[in-house]
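Visitor: I am new to this structure. Could you take me close to one part of it, and then show me what lies elsewhere?

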Amino acid sequence: MTVDALTDVAGLRVGHATLSGDGWLTGTTVVLAPEGGAAAAVDVRGGGPGTKETDALDPRNVVQRVDAVVLTGGSAYGLDAASGVMAWLEERGRGVPVGTEPTHVVPVVPAACVFDLGRGGNFHARPDAATGRAAVEAAAASTQGARVPEGCVGAGTGTVAGGIKGGVGTASTVLDSGVTVAALVVVNAAGAVVDPETGVLYGELFQGRVEYPEARVHEAARRRLDAAASRNSPPPLNTTLAVVATDADLTKAQAQKVAGTAHDGIARAVRPVHLLHDGDTVFALATGARPLGSEHPLALNDILAAAADLVTRAIVRAVHAAESVDGPGGVWPSYGELYGKR
């Protein structure tokens, strides 16, 4: 049975650590690979990224597999969450062997951050190594194929998408070949996710039938957003992060192509994207459980197309799952509050 989440890729687990209240509105999300790791790649297209260990994922470099990926709030400060994940992995002997003892390993933990500083009211409230450890422990404690909480959790706790509340979303599909493809997205966009003329989520336009809000509802939503914007300080930085994954046996170069194409899924759902103050970053993981089929050189195409579609769908789900915030750091109504739950 599938749960329409990243965890439908067998072996992957997701854990959130959420920090809210008393000045906090941030958190960390960890994607934990199965024992032995997963092939990994990354594609960074935002002009202001905050990342860690992304150079290791270049297909030209020596690292072949990673054991975890960290998505975190706290801007560059929050990248410290990866240290807690590294320590947890080291304690279990998971990482690149570098010595004579089983415990002599260096875990490679790629990470990327979103800007949410001060959104809970305290600029100095940000994830740290303990937050990362809590998230990876939550991932490890989850069951195989577990549902993934969405909305204002983990790295999506303090996110904002074009003036409305952002969050975490996830989605998956099984291709005709039997290969599973999935995505998890943290939506924190400077660009808009809502069409200003109709109130429809841009991402929904790519998902078939669209239910347009009534004109009076849309007008009320615009007034509400204008009022909220007048109370908020403009955020200097934003970022949308994603992890796309498959159980296909991919090389690092193929995984990098998947990560690059998956950015199309962001571009369908957020306008504009990849600006100088964005840090839009997509990671790709491949567990290698299913052969891709080397006799069909274009077999990767189905995975490429699915990855982009799933990123779009995950963004839509994140926005629908988010809940409004009205606190000392700002006011960000949810799409559900503005247009009703759908």
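Guide: We start with one strand and its partners, then go on to the cores and one buried residue.

The model is predicted: local features need pLDDT of at least 70, side-chain atom pairs count only at pLDDT 80 or more, and totals for chains, interfaces and linings use all residues. Numbering starts from 1 along each chain as its sequence is written, and side-chain values use heavy atoms, with hydrogens and water left out.

Our part is strand S2, residues 24-32. Strands (E, at least two residues) and helices (H or I, at least four) are DSSP runs, numbered from the N terminus. Is S2 enclosed or open? Eight of its nine residues are buried, so the rest of the structure largely encloses S2. Buried means under 20% relative accessible area, exposed over 50%, and partly exposed in between (1.4 Å probe, protein chains only).

Now its partners. Two strands pair if DSSP finds at least two bridges between them. S2 runs antiparallel to strand S1 (residues 13-21), joined by nine bridges. One of the matches is Ser 20 with Leu 25 in S2. The hairpin of S1 and S2 has two residues between the strands, and there Asp 22 takes a positive phi near 55°. S2 also runs antiparallel to strand S6 (residues 68-72), through five bridges. Here Leu 32 stands opposite Ala 68 in S6.

Next, the cores. A nonpolar core is a set of buried Ala, Val, Leu, Ile, Met, Phe, Trp, Tyr and Cys residues joined through side-chain atoms within 4.5 Å. The largest has 48 residues, and Val 193, Val 244, Val 258, Ile 303 and Val 311 have the most contacts inside it. Elements giving two or more residues to this core include S13, strand S14 (241-248) and helix H5 (300-321). H5 gives the largest share, twelve residues. Apart from this core lies another, of 32 residues, with Val 31, Ala 33, Val 66 and Ala 112 among them.

Last, Ala 189. This residue sits in the loop between strand S13 (180-186) and helix H3 (215-231). Its relative accessible area is 5%, so Ala 189 is buried. What does Ala 189 touch, leaving aside neighbours within four places in sequence? Its contacts (heavy atoms within 4.5 Å) are Val 160, Ala 161, Gly 162, Asn 238, Thr 239, Thr 240 and Val 270. Leu 241 is 52 residues from Ala 189 in sequence, yet 9.5 Å away in space, C-alpha to C-alpha.
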